[in-house]
Amino acid sequence: MKLTILRNELNEAVQNVSKAVSSRSTIPILSGIKIDANDRGVTLTASDTDISIQSFIPLERAEQQNATVHRAGSVVLPAKFFVEIVKKLPNEEVNIEVGDRFQTMIHSGATEIQLVGLDPEEFPVLPTLQEDQVFSIAGDVLKSMIRQTVFAVTTSESTPILTGVLWSLQDGVLKFVATDRHRLGTCRVNLDTDPSLRFSGVVISGKTLGELSKVIPDQNMLVDIVVAESQVLFKLGNVMFFTRMLDGSYPDTSKIIPTNFKTELMLHTKSLSDAIDRAYLLSREEKTNIVRLSTVESGGIEISSSSSELGRVQEQLDVTELTGEELRIAFNSKYMLDVLKVIDSEQLFIGFTGPMSPIIIKPRDHENSLHLILPYRTTN
């Protein structure tokens with residue numbers, strides 16, 4: 001293989017696929033990035049068996065010559081070094097040539113680097129998916145849905161299915177659900193898709209969705225999503241992102257979401273977030289993160305927390321609306337802050353059904369997302 005390629009094109013492709021490189025694999029080939037060059041362009045691929053990412057660089061794009069392939073071929077290069085090397089090359093043009101036993105020379109300006117390559121025949125073949133169930137979604141909407149839910153997955157491997165986000169599509173509505181049994185995040189969006197296209201029980205690792213979100217470009221782009229038997233493929237322009245679904249049955253969370261509330265609260269998202277953030281400073285010192293919220297006679301609410309060593313913080317907040325019974329409730333302030341960071345509305349609704357019942361948090365501007373956190377039982 002022998003090719004000349006623009007450094008910025010190569011670097012962008014390397015950065016995208018490197019997210020799938022296995023850092024702890026016992027299989028040496030999976031610690032590398034595969035490069036294929038032919039008369040169509042240059043393709044980079046990385047895989048850790050759970051996710052695989054492929055990025056294609058066409059020879060020409062928008063009248064720009066991205067690459068010239070002098071001799072077709074392929075090689076696998078060690079990702080750890082290749083990723084760093086490409087970023088630091090001095091010239092815009094990069095020459096890559098593979099010799100005997102996959103010894104690879106990389107030239108850029110006065111810089112010459114030799115890497116020991118691996119046999120590309122040992123690299124795993126990407127899955128071929130039946131494209132029966134395909135739908136499209138705007139990239140920024142997909143990123144927002146991931147952001148609204150992924151923080152609520154569990155990090156405990158004792159319940160692997162809860163390390164993922166549950167996807168379903170029914171009657172043109174795409175819905176995400178995530179829970180770690182202490183909190184829950186849901187998000188939904190209406191899609192312009194064939195109503196007959198539907199699926200349920202698709203669970204994708206939260207970690208994987210975090211990596212996918214980094215690959216989705218900021219500019220407007222439609223993402224095509226292929227849902228197959230055990231794999232999901234995301235097509236983002238010249239990037240293909242494959243992931244396995246998690247095995248197992250996701251618990252039914254619909255029954256734990258209350259619809260009637262004893263106390264309802266409307267207030268500014270930022271004022272609540274700032275107040276809880278201040279209370280969190282003391283609560284984290286107790287290693288409990290417990291913050292209390294209570295109604296006050298003036299018609300507002302009080303946020304408070306305490307530390308046996310540092311002291312106590314109290315703060316009263318005005319609210320837009322408060323109806324129902326008096327309330328005193330304790331909760332994990334870190335969980336509440338995680339929710340408030342992703343609420344995309346200036347005002348929010350919080351519903352309470354009692355001091356030991358789930359707390360519901362929703363944006364006031366729309367019905368597309370809902371979050372739930374369980375309160376704490378406290379002695380005072």
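How many helices and strands are there in the protein chain? The chain holds six helices and 28 strands, where helices (H or I, at least four residues) and strands (E, at least two) are DSSP runs numbered from the N terminus. This is a predicted model, in which local features need pLDDT of at least 70 and side-chain atom pairs count only at pLDDT 80 or more, while totals for chains, interfaces and linings use all residues. Residues are numbered from 1 along each chain as its sequence is written, and side-chain values use heavy atoms, with hydrogens and water left out.

**The whole chain**

Begin with the whole chain selected and its C-alpha atoms shown: they fill a box of roughly 80 × 55 × 40 Å, taken along the principal axes. Of the 380 residues, 51% count as buried, where buried means under 20% relative accessible area, exposed means over 50%, and partly exposed lies in between (1.4 Å probe, protein chains only). The chain exposes about 19,100 Å², of which carbon and sulfur atoms supply 46%; these areas come from the Shrake-Rupley method with a 1.4 Å probe, and for residues only the protein chains shown count as cover. Among contacts (heavy atoms within 4.5 Å) between residues at least 6 apart in sequence, 65% join residues at least 24 apart.

**The eight-stranded sheet**

Next, select the strands β8, β2, β3, β4, β19, β18, β17 and β12, which in that order form an open sheet of eight strands with antiparallel pairing; two strands pair if DSSP finds at least two bridges between them. β8 and β12 (134–138) stand at the edges, each with a single partner strand, so one side of each is left without a neighbour in the sheet. From one strand to the next the twist averages 20 degrees, with axes being lines fitted to C-alpha atoms, for helices over the stretch in contact, and angles running from 0 to 180 degrees between N-to-C directions. Within this sheet, zoom in on β2 and β3 (residues 41–47), which run antiparallel and are joined by four bridges; Ile-35 stands opposite Leu-44 in β3.

Now add helix α3, which packs on the sheet by touching β12, β17 (222–227) and β18 (231–236), its direction making about 85 degrees with that of β12. Helix α4 also packs on the sheet, where it touches β4 (51–58), β18 and β19 (239–244), and its direction makes about 175 degrees with that of β19.

**Where α3 meets α4**

Keep both helices selected: the axes of α3 (residues 139–149) and α4 (residues 206–215) come within 10 Å and cross at roughly 145 degrees. The contact is made by Leu-142, Lys-143 and Ile-146 of α3 together with Leu-209, Leu-212 and Ser-213 of α4.

**The nine-stranded sheet**

Move on to the open sheet of nine strands, whose order is β16-β13-β14-β15-β28-β27-β26-β20-β24 and whose pairing is antiparallel. Its edge strands are β16 (199–205) and β24 (321–324), each of which pairs on one side only, and the twist averages 15 degrees from one strand to the next. Strands β27 (residues 359–363) and β28 (residues 369–373) run antiparallel and are joined by three bridges, with Leu-372 in β28 as the bridge partner of Ile-360.

Helix α4 can be followed here too, since this helix lies across β13 (164–170) and β16, running at about 80 degrees to β16. Helix α5 (residues 269–283) lies across β20 (263–268) and β26 (347–352), at about 95 degrees to β20.

**Ser-283 and a hairpin**

Is Ser-283, a residue of helix α5, buried or exposed? Ser-283 is buried, with a relative accessible area of 0%. Leaving aside its neighbours within four places in sequence, Ser-283 is in contact with Thr-288, Asn-289, Ile-290, Val-291, Ser-305 and Ser-333.

From here select β22 (residues 301–307) and β23 (residues 311–317), which pair in the antiparallel sense over seven bridges and form a hairpin with three residues between them. The bridge partner of Ile-301 in β23 is Leu-317.

**Helix α2 and Arg-24**

For the last stops, select helix α2 (residues 79–88), whose buried residues are Ala-79, Phe-82, Val-83, Ile-85 and Val-86. These residues pack against α1 (7–17), β2 (32–37), β8 (73–78), β10 (103–108) and β11 (111–116).

Finish at Arg-24, in the loop between α1 and β2, which is exposed, with a relative accessible area of 70%. The C-alpha atoms of Arg-24 and Asp-48, 24 residues apart along the chain, are separated by 9.2 Å.
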